[in-house]
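Work through these exercises with the sequence and the model side by side. Try each task before reading its solution.

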Amino acid sequence: PSAAPKSGARQVRNGGAPFRPAQQRTASPVSQSADLTARLTYDNNNAKLTGTVRHTELKPLTFSAEVPLALSPLLDGERLDLSKVPLKANIELPASPLVMVRKFAPNITALDGTAAINVRASGTLAAPRFDGSATLDVKLLRLDGSLPPVTDLAARLAFAGDTLTFERFSGETGGGKFSLSGKVNLAKPAEPVFDLALKADD
């Protein structure tokens, strides 16, 4: 006799009790001094991911994402239309020191500053829309070689819809001041369109 179908699969196809890999919590090392904790839940055709990245040199970075996702049509062979799947996501990092950046960029010999980010995403998986900001405050940035150091670098980048605006990006180097202004169009995140202008004063 043939084997009976698995009850979990039958429930999903027939609209019974939902498949629930709910509240599965994992913790895995990201590096020697960092760890990632994440939780994935699925209930009532809704998938949700939340998590936190902790590092000894950073404030906790938190993230979340939520999308409605009906499994029954997918199990029946229907393709997922990303343009119709609503998205709700968030990522937040309180102002944190940038010391650890030097570990990934050996050409940086000195770095004293902080960075923060608080960005929310909505829209759809195919066309996300962003809202929030990222800030940068660097007292000193020195690169290996003969380039003069960068000091008093202050930046604020604002996300609104599908546009990233450089509200402020200025600093000093080599005895003069510089600034960067403009926007980046993120209507197609994989193909950003840049419209930026750099200004330098001796």
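**Exercise 1. A residue in a strand**

In which strand does Thr 52 lie? Then decide whether Thr 52 is buried or exposed, and list what Thr 52 touches.

Solution.
- Step 1. Remember that this is a predicted model. Thr 52 belongs to strand E3, which covers residues 46-55.
- Step 2. The relative accessible area of Thr 52 is 14%. Buried means under 20%, so Thr 52 is buried.
- Step 3. Set aside residues up to four places away in sequence; Thr 52 then touches Asp 35, Leu 36, Thr 37, Pro 60, Leu 61, Thr 62 and Phe 63.

**Exercise 2. Confidence first**

Find where pLDDT stays under 50, and give the average pLDDT of the chain.

Solution.
- Step 1. The average pLDDT of the chain is 84. A score of at least 70 is reached by 84% of the residues.
- Step 2. Over residues 1-31, pLDDT stays under 50. The model has 42 contacts beyond four places in sequence for this stretch.
- Step 3. Where pLDDT is low, predicted coordinates should not be read in detail.

**Exercise 3. The chain as a whole**

Count the helices and strands. Write their order along the sequence, and state what share of residues is buried.

Solution.
- Step 1. The chain has three helices and eleven strands.
- Step 2. From start to end, the pattern reads α-β-β-β-β-α-β-α-β-β-β-β-β-β.
- Step 3. The chain has 202 residues, and 24% of them count as buried.
- Step 4. Take the contacts with a separation of 6 or more; residues 24 or more positions apart account for 36% of them.

**Exercise 4. Salt bridges**

How many salt bridges does a search of the whole structure find? Work through three pairs: Asp 131 with Arg 120, Lys 139 with Asp 137, and Arg 156 with Glu 167.

Solution.
- Step 1. The search finds four salt bridges.
- Step 2. Asp 131 and Arg 120 meet through their side chains, at 2.7 Å from N to O. This pair links distant parts of the chain, with Asp 131 in strand E7 (residues 128-143) and Arg 120 in strand E6 (residues 108-123), eleven residues apart.
- Step 3. Check the accessibility of this pair. Asp 131 is at 40%, so it counts as partly exposed. Arg 120, at 35%, is also partly exposed.
- Step 4. Lys 139 pairs with Asp 137, and their closest N and O atoms are 3.9 Å apart. A salt bridge requires the nitrogen within 4 Å of the carboxyl oxygen, so this pair counts as one. Lys 139 is partly exposed at 46% relative accessibility. Asp 137 is partly exposed at 35%.
- Step 5. Arg 156 pairs with Glu 167, with the closest N and O atoms 2.8 Å apart. Distant parts of the chain are linked here too: Arg 156 sits in strand E8 (residues 150-161) and Glu 167 in strand E9 (residues 163-173), eleven residues apart.
- Step 6. Arg 156 has 36% relative accessibility and counts as partly exposed. Glu 167, at 49%, is partly exposed as well.

**Exercise 5. The largest pocket**

What is the volume of the largest pocket, and which elements each supply at least two residues of its lining?

Solution.
- Step 1. The volume of the largest pocket is about 240 Å³.
- Step 2. Its lining has 13 residues. Nearest the centre are Ile 108, Leu 111, Leu 141, Leu 143 and Leu 153.
- Step 3. At least two lining residues come from each of E6, E7 and E8. E7 gives the largest share, four residues.
- Step 4. Sort the lining by class: twelve residues are nonpolar, one is polar and none is charged.

**Exercise 6. Positive phi**

What are the phi values of Asn 45 and Asp 152? Place each residue in its element or loop.

Solution.
- Step 1. Most residues other than glycine have a negative phi.
- Step 2. Asn 45 is not a glycine, yet its phi is positive, about 60°. Asn 45 lies in the loop between strand E2 (34-43) and E3. Its relative accessibility is 40%, so Asn 45 counts as partly exposed.
- Step 3. Asp 152 is not a glycine either, and has a positive phi of about 50°. Asp 152 is placed in strand E8. With a relative accessible area of 46%, Asp 152 is partly exposed.

Key
Residues are numbered from 1 along each chain as its sequence is written. This is a predicted model: local features need pLDDT of at least 70, side-chain atom pairs count only at pLDDT 80 or more; totals for chains, interfaces and linings use all residues. Side-chain values use heavy atoms; hydrogens and water are left out. Buried means under 20% relative accessible area, exposed over 50%, partly exposed in between (1.4 Å probe, protein chains only). Contact means heavy atoms within 4.5 Å. pLDDT is the predictor's confidence in each residue, from 0 to 100. On a 1 Å grid over the protein atoms alone, a cavity is a set of points where a 1.4 Å probe fits but cannot get out, and a pocket is an open set with protein on both sides within 12 Å along at least five of seven lines; lining residues have an atom within 4 Å of a point. Grid points are joined across faces, edges and corners, and a volume is the space filled by probe spheres set on the points. Ala, Val, Leu, Ile, Met, Phe, Trp, Tyr, Cys and Pro count as nonpolar, Asp, Glu, Lys and Arg as charged, and the others, Gly among them, as polar.
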